[in-house]
Each structure stands twice: as structure tokens, then as C-alpha cells.
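Welcome! Please take a look at the sequence and the structure shown here, and then we can walk through them together.

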Amino acid sequence: MKQRLVVIGNGMAGMRTVEELLTAAPDKYDITVFGAEPYGNYNRIMLSSVLCGEKTIEDIVINNRQWYIDNGITLYAGEDKAVARIDRINKKVYALDGTFAGYDRLLIATGSKAVIPPISGNDLEGVISFRDIVDVNKMLAYSRSHNKAVVLGGGLLGLEAANGLVSRGMDVTVIHNHEVLLNRQMDRPAAKMLQTELEQRGLKFKMAAKLKQLLGDAKGHVASVCFDDGSQLECDLFVTAIGVRPNMTLAQEAGIYCERGIVVNDTLQSYDPSIYAVGECIQHRGATFGLVAPLFEQAKVCANHLSAHGAAEYITLPTATKLKVTGINLFSIGDFQGDVNCECIHFTDPAVGIYKKLVIKANKLIGAVLYGDTADGSWYQELLEKEDNISDIRDMLIFGKAYARDFVTTQQPKIERR
């Protein structure tokens, strides 16, 4: 008889694990999936493309409902199908409407929740996050009927939301608590070039700003944003994009060991041997996750063990940063700041908007920032992950893979044949 696998979460991490499992062991499990959204599986990282009009919701669907039927997967999707309780003793999960399913193996992929600023007025109408299709639809509706939007957060998600709203015709101001945009992913020169380019597209910025409160109108709708310095901004729509936290409440209530996320080992197994977890809800070797690349790698490893092949181990590798804004190319990875024991190589061409910085330590590339020309990003990532000795190509490293290879070839000693 097939074993029973229940998956809590119909997002990218959980469904990639199921896809990998269907390839590795298609007949091993009867699979049941619970999802809180009334859709099939869709590409959440492409929501910004939907917001700016480059794609539709249909374009970003990965697996529609027919896919679940074709693969014999039972899908319970919608708000009332969100799992409310895990009964570990009897190995069952229960949804809000009472729907339940028993499991032999349970996969938790509940993702993350948006961080909401702890300020007065955060519960007003018109205050939303940017996490799912519902949020995008709200933002699109506001763009058709309102004018002024404020986006809190100068990180990747905040800039993508702001770019989408300005492309829809809204007057958009980005609030950031740091004087450097993408300060966790970029250095000051690259961030300044990015800010200039975004300003040319119509975005406004209030940098190094400290939010005080949100004020509403007589109908309980957000009307203005107040700052510690006494200044204010008019606001019809307030979008928060200041980070996420692992959604681990369900696991905690079930007594599964959690710290900052659901703690898993190198096989993505929790402290309960019948329960696995992947994605933004987990904590692995002290780290939590917010980008898609590590989630897909976790899915491979988890599926390997659920299929009883049991050979893979998850290792956290440096993840590259890319901004999903058409016409803007940026890339960063690793330790792009360095320290006193590092050396930095720079290349700048302001006329064409190109900036490159490589950080080297002990003849190894440990970090990179590219703006404008990111063609060699994947090569730099490969050098960094493999910890290759770059001493032979150091002088040409900043110019990219093709130049570095040509340099090595021309420097090789010629062998005379007799």
C-alpha cells in the first residue's frame, strides 16, 4: 500500500518538493495538499511582473488544478481549507472547516508572513503588504482610483512594488530607514546609481527616515504618513515591504521544536522524524530564508529523503541578488563589503551606467556587486561557490570570463616540438 503524504502549504517550496518526489518515486505516496489560497500553485516571485503589467495571473501559474488531478493529488484550497491544527499523536491534520487527512509523512511548507511596522495606524484601510495575488489585486484596484502611494522598505520587494505602482500611474514615494537602497545587497556607489535610475522613472525617495505613525480619515482609511522629524506625506495606499518572518505558528502549537523558524537538520527533517519542512518557514543551521534559490535546493534534498533514497544533504550556499525591474540589471553575492584583510577591485563607467566591484581574500573571490552589466554574474557565483584560486586570472578578473580565459591562454608557456 502507498504511504500517505500530507503537505501543508501550496506554495513554491512545497510544490517543488512534490514535483521532485513525483519524479523520484511516483508511486510511493498518496498525496494530499492543503493551501490557504484558492488557486493552484503559482510563481510568487513574478507578482511584481503582474503588478507592472508585464504578465497576467494566468501567466505565472506553475501548476493549475488539472495538474493535481492528473497526478492523483488531492488538493484542498481556500481560506476555509487552511490547516488549523496538527495532531501529532494520531498523525492527522485538520482544516478550519473540519476537513482532515491522516499522514505517514507530513511536509510543512507554510512560508512566511510579512513584517508589519509596530506603529499606530497600521490597521487602517489601505495599509497592505505585498505577498500574494490578493495584495496585487488590491494594489491594481487602488492604482485605478487613487493617486498617492507610499512604500515602506527600500529592499528588493519594496522597490519592485514601487516600480509596479509608478508604472500604473501612481505618485510613489519609497521610505527607507537607511541612507543606502538595498543596503543588505549593494554597496553605496551601486545603490546610488540604482536610485538615480529609479528617480528618472518617476520614483521619489525619503531616505534614512524614521516612521512615527499613520493617520486616517473619518472613514478609517489611511490619509497620511508621519515621521519623527515632524514631516508628513499624503497617502492613499501604504504598502509595507520591510521583510518577512517564518510562519511557524502551526508547528509551534503542535509542539514541534522551533527557534526563529521550524528547526530542521540537513535532510530537512524536524525534531519529529515523521515531519519534514521546507522553505521560508524553516531554520537550518541558524539561517532562515527569503529567496527562491535555496528553497528549490531544499526541495531536492527533502524529496530525496521522502523517496527513501536518503543520500542528499542540504548545504546553504551564498545566494545571488537580482532585482525584477525591466531595464535595470544588478547582481550581488557573498561578502560584497569585505574587511581589512580583503582587497577590492573596481571598474566604473558612469557614461554607460556600469559599476563592478569584486572582493578578494586569500586569492579567492568572496563577494561581488555588478550594476549595469551583469553578464558574468553566474561565473563569479561559480568561482565563489567553488572557492577557486583566482591568482592566475586576478588581473583580468574584473573584465569577465571571456577576457580572463583569453589572458590565461596567452600567458601559457609555449612548448616547442622537435
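In what order do the five strands of the open parallel sheet stand? The order is β5-β2-β1-β9-β21. Before going further, please keep in mind that this is a predicted model.

## The protein as a whole

Let us step back for an overview. The protein has 418 residues, and a compact globule with that many would have a radius of gyration near 22 Å; the value here is 24 Å, which agrees. Along the principal axes, the C-alpha atoms fill a box of roughly 75 × 75 × 35 Å. In the chain you can find 10 helices and 26 strands.

How much of the protein is buried? Of the 418 residues, 50% count as buried. The exposed area comes to about 20300 Å², and carbon and sulfur atoms supply 47% of that area. Contacts also reach along the sequence: among those between residues at least 6 apart, 60% join residues at least 24 apart.

## The parallel sheet

Now back to the five-stranded sheet, where the pairing is parallel. Its edge strands are β5 (74-77) and β21 (275-277), each of which pairs on one side only. On average, neighbouring strands of this sheet are turned by 15° against each other, with direction ignored.

Strand β1 (residues 3-8) is a good place to zoom in. Six bridges link β1 to the parallel strand β2 (residues 29-35). To get from β1 to β2, the chain passes through helix α1 (residues 12-24), and this β-α-β crossover is right-handed. With strand β9 (residues 105-108), β1 shares four bridges, again running parallel.

Which residues does V6 meet in β2 and β9? In β2, V6 stands opposite T32, while in β9 the bridge partner of V6 is L106. Another element to look for is helix α8 (residues 292-306), which lies across β1, β2, β9 and β21. This helix runs at about 165° to β21.

## The antiparallel sheet

There is another open sheet to explore, made of four strands in the order β23-β26-β25-β24. Here the pairing is antiparallel. The edges are formed by β23 (330-334) and β24 (343-349), and each of these pairs on one side only. Neighbouring strands in this sheet are turned by 15° against each other on average, direction ignored.

Inside the order sit β26 and β25. Strand β25 covers residues 354-361 and strand β26 covers residues 364-371; seven bridges pair them in the antiparallel sense. One residue pair to find on screen is Y355, which stands opposite Y371 in β26.

## Helices across the antiparallel sheet

Which strands does helix α6 lie across? Helix α6 (residues 188-200) lies across β23, β25 and β26. Its direction is at about 20° to β26.

Helix α9 (residues 377-386) also lies across β23, β25 and β26. The angle between helix α9 and β26 is about 160°. With these helices found, you can trace the strand order β23-β26-β25-β24 once more.

How values were computed: Residues numbered from 1 in each chain as written. Predicted model: local features only at pLDDT ≥ 70, side-chain atom pairs only at ≥ 80, totals over all residues. Heavy atoms only, no water. Pairing = 2+ DSSP bridges. Helix = DSSP H or I, 4+ residues; strand = E, 2+ residues; numbered from the N terminus. Axes fitted to C-alpha atoms, helices over the stretch in contact; angles between N-to-C directions. Contact = heavy atoms within 4.5 Å. Rg over C-alpha atoms; globule rule 2.2 N^0.38 Å. Buried < 20%, exposed > 50% of the residue type's maximum accessible area, 1.4 Å probe, protein only. Areas by Shrake-Rupley, 256 points an atom, 1.4 Å probe, with all protein chains shown as cover. Right-handed = clockwise from strand over helix to strand, strands pointing away.
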